[in-house]
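Dear colleague,

I am handing over the structure that you will be working with, and below it I have set out what was found in it. Please look through it with the viewer open as you read.

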Amino acid sequence: MKPPKHLRVKFATDYHDRSSFASKARLLQSIWRTEKGYELEEKEKGKRKEVYGNYLRLDFAKESGANFLTPEIFELVKHEIANKHHDRKVIQEPRIWNNLLSSQPLAFNLFGELKLDLALATLVFRDLYPERQIDSVTAIEFELSPGRGNFKYTGDGSAFDVFVVYENTLNQQCFFGIEVKYAEDLSDAPAKHKEVYATIAEKSGVFEMKNLPRLKEKPLQQIWRDHLLALSLFITNNDYAIGDFIYLYPSGNLNCEVGVEAYKTTLNEVGETYFKPLIMEKIVETIKSHCSDKWIVDFEDRYLYFGKIENVS
């Protein structure tokens, strides 16, 4: 159920959202902005102004880095944007700066401090995935694609929102490719199918190939393409010894949950699938078990504390 209309009007988030979770998440971001005392975005629409509660005023956002939880994350984002053309990274401006709801700044807010503290990242991923026998996390990258349009991989523009490289106890280089979702609902139209998708899928042995028609359509294709990208890095190529695709989303996003459960039914019932859906609350709790820094408490408050909506009037 969507939040009450009077709250959506009060916090300037009375939009047409595709899901009730998206409406709640948009409102939560506007409440957070109001608590911080940040001005919202205003746009001229003819003779009137329209206000957008989950957007910061752009000039302020770019100068202050208010969309990011720590100065260090802000500096990291500036560095990534300055080098994005060299690295062929798709970092969306201006939304990275001023859209509070966007999952791209969320990814930096959740993983930025882990990139800057790989010892902490090691502890977190060891706890989350003990079966991978992680010795040490060696790097964390954002918006990484091994080769956009390169048919050595998936031949498209797919990229991981976050890419975690680690060495296991056998001194093998391994990875987690992570797709980060927040308010998205998996309703985007599927991309044009490429035959390389089926080639990777069959060689991997991960899928029931009779499910190929389902995998070509929404809501499954978006998950499938990222999963295939992960598989292409160590099954159809030998870039890494092993890799997993993590689909990360908050527990309240039922559209993502339904998509994940449907996707699981396309996988083989025996053997490794290298598909590891992860609830956002779980990784937050894992980080908190190893870290008492303010940023992770602030992350939870900003993105996951929906009880806050019940406390405003």
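**Helix pairs**

In this model, which is a predicted one, the axes of helix 7 (residues 103-116) and helix 8 come within 5 Å and cross at roughly 120°. The residues that meet there are Phe111, Leu114, Lys115 and Leu116 on the side of helix 7, and Leu118, Leu120, Ala121 and Phe125 on the side of helix 8. Sorted by class, this contact holds 7 nonpolar residues, no polar ones and 1 charged residue.

A second pair to look at is formed by helix 2 and helix 14 (residues 294-303), whose axes come within 8 Å and cross at roughly 125°. With that angle, helix 2 counts as oblique to helix 14. Helix 2 contributes Leu28, Gln29, Trp32 and Glu35 to the contact, while helix 14 contributes Asp301, Arg302 and Tyr303. The residues of this contact divide into 3 nonpolar, 1 polar and 3 charged.

**Helix 9 and what covers it**

Helix 9 spans residues 195-204, and its buried residues are Val196, Tyr197, Ala198, Ile200, Ala201 and Ser204. An α-helix has 3.6 residues a turn, so residues three or four places apart point the same way. When you turn the model to see what lies over the buried residues of helix 9, you will find that the cover includes helix 10 and helix 11. Just after helix 9 comes glycine 205, which has a positive phi, near 70°.

**Salt bridges**

A search of the whole structure finds 21 salt bridges, and I describe a few of them here. The side chains of arginine 225 and aspartate 156 meet in one of them, at 3.1 Å from N to O. Arginine 225 lies in helix 11 (residues 220-234), whereas aspartate 156 lies in the loop between strand 3 (134-144) and strand 4 (160-168), so the pair ties together parts that are 69 residues apart in sequence. Both arginine 225 and aspartate 156 are buried.

Towards the start of the chain, salt bridges that share partners join Lys5, Arg8 and Asp14 into one network. Lysine 5 forms a salt bridge with aspartate 14, in which the closest N and O atoms are 2.5 Å apart. Arginine 8 likewise forms a salt bridge with aspartate 14, and there the closest N and O atoms are 2.5 Å apart. Aspartate 14 has a relative accessible area of 30%, and therefore counts as partly exposed, while arginine 8 is buried, with a relative accessible area of 11%.

**Aspartate 17**

Which part of the chain holds aspartate 17? Aspartate 17 lies in the loop between helix 1 (5-10) and helix 2 (20-36). This residue is buried, because its relative accessible area is 7% and the cut-off for being buried is under 20%. A polar contact of 2.6 Å joins the side chain of aspartate 17 to that of arginine 26. If its neighbours within four places in sequence are left aside, aspartate 17 is in contact with Lys2, Ala22, Ser23 and Arg26.

**Backbone details in loops**

Two cis peptide bonds deserve a look as you follow the backbone. A cis bond joins glutamate 93 and proline 94, with omega about 5°, and proline 94 is placed in the loop between helix 5 (84-87) and helix 6 (95-98). The peptide bond from lysine 218 to proline 219 is also cis, with omega near 5°, and proline 219 is placed in the loop between helix 10 (212-215) and helix 11.

Positive phi values are also found at residues that are not glycine. Glutamine 133 has a phi of about 50° and sits in the loop between helix 8 (118-128) and strand 3; with a relative accessibility of 47%, glutamine 133 counts as partly exposed. Asparagine 171 has a phi near 65° and is found in the loop between strand 4 and strand 5 (173-180). Asparagine 171 is exposed, because its relative accessible area is 64% and the cut-off for exposed is over 50%.

With kind regards

How values were computed:
Residues numbered from 1 in each chain as written. Predicted model: local features only at pLDDT ≥ 70, side-chain atom pairs only at ≥ 80, totals over all residues. Heavy atoms only, no water. Salt bridge = Lys/Arg side-chain N within 4 Å of Asp/Glu carboxyl O. Buried < 20%, exposed > 50% of the residue type's maximum accessible area, 1.4 Å probe, protein only. Helix = DSSP H or I, 4+ residues; strand = E, 2+ residues; numbered from the N terminus. Polar contact = N/O pair within 3.5 Å; in protein donor to acceptor, adjacent residues only side chain to side chain. Contact = heavy atoms within 4.5 Å. Axes fitted to C-alpha atoms, helices over the stretch in contact; angles between N-to-C directions. Parallel < 35°, antiparallel > 145°, perpendicular 65-115°, else oblique. Nonpolar A, V, L, I, M, F, W, Y, C, P; charged D, E, K, R; others polar.
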